[in-house]
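Visitor: I've got this model open on my screen and I'd like a close look at a single part of it. Could you pick one spot and walk me through it?

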Amino acid sequence: MIEMITTLPTEILLKILEKLDFFSLIVCKCVCHLLQNIIENTANLQYIIELAVSGSEDGESSNNNLSIAERLQLLKKYQNAWDTELWHDEIKISMQRGGLWELYGNILAQNSTRGDLSFVQLPSKLRSIKQQQWVYSQETFKFNIRDFTVDASQDLIALIETPDTHIQNDHSVLQIHLRTLSTGATHPLAPTCGIVCHTLENSSRQASYSILISRDHIGILINGNLNCENELVILCWKSGELKLNIVGNKVRCFVFMSSTQILASVLETSDEGYILEPTLHIIDFERESKEVRRIGDVENKFVFRYPELDIDAIVHDMSLRSDPAPLWTSGSKLGVPFQIARNNRIYVTSFWVEVSERMQLFVHFVPHDTLQACIDNILSGEMNDAVDWEHWGPESTRMVKSPSYHSRVYVCYVNGSRYVLPQSTAYRGVKPNSPVQWKCSILLYDFNQLAFRRALLDTQQKKEKGKDRSHVPEDGETCFMTEEEVLEGGQLFKEELRTRLPYRVRSIPVSIKRQDGWSALCSEDGILIVDTEIRSNSYRLLAF
């Protein structure tokens, strides 16, 4: 068979190889020297491999005239920039302090104390994204904005109108205005009036909102803040059709997982309100009933269980983040050469736990592929639709006791497979009675498994030492976490918990000299430092 392949003209071999995926190309490299030489010296084939290793996919490039060879070189530089914190720009953006903000798809949006909305398209030299800024005054929308989100790939901004003035049969009516991000006008794909409405089961003027967009769907979790029950709503923003409506305080957070599914963090409670069990629920909102129901009554779901909680652990919250949405793209107008692959995603579940009268943060990292593999096994009959911890957690996820806290306000700390965590470390000078000073850094975690394996192999080939250890790295250092993580029993869970998903973490020093008042956000092209100290009052973008 090998002899038959090697007798084919090179042009025919190239046509065949270009149809293969990453894994097939790697196998072909091991077949014979001829195929190895062709693959290693052909830009198109190397680009397929580099896209897979970096967790990227080719961009929607109607406005991009770069050759494959040029894209390949840019992709290598892009990956190296993340690995070595090789920033091309450091940009300061003023904070408007209006109380609302959003970071999504390289767009930073915020409102001012006057009610204006300002937007910044974050730049990237390596992906040829130019910085742009624009502002819409309050008069553009002519209503009070309670919250909003954006999706630049669809030229969409969804704005929640403050619901106090809209009452129907003693219920508040949630009104979502759909406008274009570029002009502020009614979005052409929205319903005729440009507004999608939903009558809430409960209403509270103190309610807060979590709002997400995934292509045709918009999801909103209304948090009643102790005054009334939470409510989760999934709607088609193009038609206004209701897809899912769940009430009750057990649902704490949600993210979109696919075109038809959401992933929700759920805290099962007793009648007295005590936390009994944390779970993750995957809900098929296209198949589920449109009637109002509680999470326990949802039929089209898969449940992922955690181990038994320790009796003394008081779980205050269970948050969940994953960005961008599963169907998100940079869009053809931006013309980027490559973008995050849609399956290169990590779900970050944060447990805020009071142990011995002290608040602690435990963070659980779950790759998209881990949950998808379980779904495939459930559908094939190999696994029940309620999955116990030992069947999904130990081998393919990682739970850590966090060395510091991420913000509960500035929550865009994950993008693709990357996660950022601000850290402030106290130290004293060498002189006696020196005052306490603070050294600040950002811990950059990366759970991309292909990139991890290649970086670890490169490190071993260079015979670098002291990199494979299970502790917080020093500034400028990358640690490869290959040993299993052990959480002792009596902290969060009753029994000892072990997880083994490998990852790497790098410490990036930042020029901040205090313990608190700052946070870190992660975008596709850099890290955004949020400095809320009055004299600074800014976002600082470290961009590639």
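Guide: Sure, and keep in mind that this is a predicted model. Let's start at a turn: strands β23 and β24 form a hairpin with two residues between them. One residue to click on there is S356, which sits in the turn and has a positive phi of about 55°. On either side of that turn, β23 covers residues 346-355 and β24 covers residues 358-367. The two strands run antiparallel and are joined by ten bridges. If you want a landmark along the hairpin, find V348, which stands opposite F365 in β24.

Now stay on β23 and look for its other partner. That's strand β21, residues 314-321, which pairs with β23 in the antiparallel sense over seven bridges. Here the landmark is I314, which stands opposite E354 in β23. So β23 pairs with β21 as well as with β24.

How buried is β23 itself? Nine of its ten residues are buried, so the strand is largely enclosed by the rest of the structure. Buried here means under 20% relative accessible area.

For a contrast, jump over to helix α3, residues 22-29, where F22, L25 and C28 are buried. Seen down the axis of α3, its buried residues fall within an arc of 120°, so they line one face of the helix. Turn to the other side of α3 and you'll find F23 and V27 exposed. Back at β23, remember that nine of the ten residues are buried.

Notes: Residues numbered from 1 in each chain as written. Predicted model: local features only at pLDDT ≥ 70, side-chain atom pairs only at ≥ 80, totals over all residues. Heavy atoms only, no water. Buried < 20%, exposed > 50% of the residue type's maximum accessible area, 1.4 Å probe, protein only. Helix = DSSP H or I, 4+ residues; strand = E, 2+ residues; numbered from the N terminus. Pairing = 2+ DSSP bridges. Arc of directions from axis to C-beta.
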